[in-house]
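Please open the model in your viewer and keep the sequence panel beside it, since each stop on this tour asks you to select something and then look at what is there.

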Amino acid sequence: MLIPCPWCGPRNETEFHYGGQADVSYPADPQAVSDVDWARFLFFRANTKGIFTERWNHQAGCRRWFTVRRDTTTNEIFHDDSHEAVTR
């Protein structure tokens, strides 16, 4: 799978580290969150089949973090909010 780094261009997936689900909001007041809700924040993520927004780090390149929308069933990566594939 080729992942399009915004700074370095398309690179092999072996150069990257998967950072998990994107757009996970940090609790506004972490001290007020119950242990159960804190555990959900830390460990529970969506396991979407289809288009999913993810964080990636170009570990073997520029070392920057970025967000990608990827179809988890085909590994196609999409531009921003469109469904136009960047790579196959």
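## The whole chain

Of the 88 residues of the protein, 26% count as buried; please keep in mind throughout that this is a predicted model. With the whole chain selected and its surface displayed, you are looking at an accessible area of about 6100 Å², of which 47% belongs to carbon and sulfur atoms.

Now switch to a cartoon view, in which the secondary structure comes to 1 helix and 7 strands. Followed from the N terminus on, these elements run β-β-β-α-β-β-β-β. If you display contacts between residues at least 6 apart in sequence, 44% of them join residues at least 24 apart.

## The nonpolar core

Next, select Ile 3, Cys 5, Phe 16, Trp 56, Phe 66, Val 68 and Ile 77 and show their side chains, for these 7 residues make up the largest nonpolar core of the model. Which elements give two or more residues to this core? They are β1, covering residues 2-5, and β5, covering residues 65-71.

## A nonpolar patch on the surface

Turn now to Leu 42, Phe 43 and Phe 44, which form a nonpolar patch on the surface and together have about 370 Å² of accessible area. To place the patch in the fold, colour helix α1, residues 35-43, in which Leu 42 is found. Is Leu 42 buried, partly exposed or exposed? Its relative accessibility is 40%, so Leu 42 counts as partly exposed, this class lying between the 20% limit for buried and the 50% limit for exposed.

## Two loop residues with positive phi

For the last two stops, look at the backbone rather than the side chains. Select Arg 63 in the loop between β4 (51-57) and β5, where phi is near 65°, a positive value in a residue other than glycine. Arg 63 counts as exposed because its relative accessibility is 56%, and the cut-off for that class is over 50%.

Then move along the chain to Asn 75, which is found in the loop between β5 and β6 (77-78). What is the phi of Asn 75 near? Here too the residue is other than glycine and the value is positive, with phi near 65°. Asn 75 has a relative accessible area of 30% and is therefore partly exposed.

How values were computed
Residues are numbered from 1 along each chain as its sequence is written. This is a predicted model: local features need pLDDT of at least 70, side-chain atom pairs count only at pLDDT 80 or more; totals for chains, interfaces and linings use all residues. Side-chain values use heavy atoms; hydrogens and water are left out. A nonpolar core is a set of buried Ala, Val, Leu, Ile, Met, Phe, Trp, Tyr and Cys residues joined through side-chain atoms within 4.5 Å. Buried means under 20% relative accessible area, exposed over 50%, partly exposed in between (1.4 Å probe, protein chains only). Helices (H or I, at least four residues) and strands (E, at least two) are DSSP runs, numbered from the N terminus. Patches are made of residues with over 30% relative accessible area and no salt bridge: like charges are joined within 9 Å, nonpolar side chains (Val, Leu, Ile, Met, Phe, Trp, Tyr) within 5 Å. Accessible areas come from the Shrake-Rupley method with a 1.4 Å probe; for residues, only the protein chains shown count as cover. A salt bridge is a side-chain nitrogen of Lys or Arg within 4 Å of a carboxyl oxygen of Asp or Glu. Contact means heavy atoms within 4.5 Å.
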